[in-house]
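Okay, thanks for coming, everyone. I'll put the structure up and then walk you through a few spots.

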Amino acid sequence: MQRSTESVDALLGALADTDSEVRSQAAFALAQIRDPRAADALMVAAKDKDAEVRAQAFLGLARIGDPRAKDLAITALKDSSPEVRRVAAMALSSLIDQEK
């Protein structure tokens, strides 16, 4: 998928939208793009109040492969949302595999 600075910047801005669906879709799109510039914003989104946003953020962090996300993923294994716990476990596994 083609990454343009403009599209990544727009998606990063959308992560701060007041609508959780917009934030979730932005995190999903950033996960698909796999642009390392999104890692910091996705780490913030991994702590969002909305579970779907958190889940999509962990998907993106796993696909980007930012090792800083490991501690967040470990913490998220105790999340109140089963979906977030599932995606965090998958992200953690992926991040560990990428270290090998």
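**A buried arginine and its surroundings**

So, let's start with Arg54, which is buried, at a relative accessible area of 8%. Keep in mind that this is a predicted model. Arg54 belongs to helix α4, which runs over residues 51-64. What does the side chain of Arg54 have for polar company? One of its polar atoms sits 2.9 Å from the backbone oxygen of Asp48. Asp48 also turns up in the wider list of contacts: once you set aside neighbours within four places in sequence, Arg54 is in contact with Ala45, Ala46, Lys47, Asp48 and Lys49, and also with Asp79, Ser80, Ser81 and Val84.

Let me pick one name off that list, Ala45. Ala45 is part of helix α3, residues 39-45. Buried or exposed, then, for Ala45? Ala45 is buried, because its relative accessible area is 7%, and the cut-off for buried is under 20%. Not counting residues up to four places away in sequence, Ala45 touches Leu15, Val53, Arg54 and Ala57. Then there's Ala27: it is 18 residues from Ala45 along the chain, and the two C-alpha atoms are 7.7 Å apart.

Okay, over to the start of the chain and helix α1, residues 5-14. The buried residues there include Val8, Leu11 and Ala14. These three span an arc of only 120 degrees around the axis, so they end up on the same side of α1. The general background is familiar: an α-helix has 3.6 residues a turn, so residues three or four places apart point the same way. On the face of α1 turned away from that buried side, you find Glu6 and Ala10, both exposed.

And what do the buried residues of α1 pack against? That would be α2, residues 20-33. The two axes, α1 and α2, come within 8 Å and cross at roughly 145 degrees, and the crossing of α1 past α2 is left-handed. On the α1 side, the contact is made by Val8, Leu11, Leu12 and Ala14; α2 brings Val22, Arg23, Ala26, Ala29, Leu30 and Ile33. Sorted by class, that contact has nine nonpolar residues, no polar ones and one charged. The charged one is Arg23, since Arg counts as charged.

That's it from me, so over to you for questions.

Terms used: Residues numbered from 1 in each chain as written. Predicted model: local features only at pLDDT ≥ 70, side-chain atom pairs only at ≥ 80, totals over all residues. Heavy atoms only, no water. Helix = DSSP H or I, 4+ residues; strand = E, 2+ residues; numbered from the N terminus. Buried < 20%, exposed > 50% of the residue type's maximum accessible area, 1.4 Å probe, protein only. Polar contact = N/O pair within 3.5 Å; in protein donor to acceptor, adjacent residues only side chain to side chain. Contact = heavy atoms within 4.5 Å. Arc of directions from axis to C-beta. Axes fitted to C-alpha atoms, helices over the stretch in contact; angles between N-to-C directions. Left-handed = near helix turned anticlockwise from the far one by under 90°.
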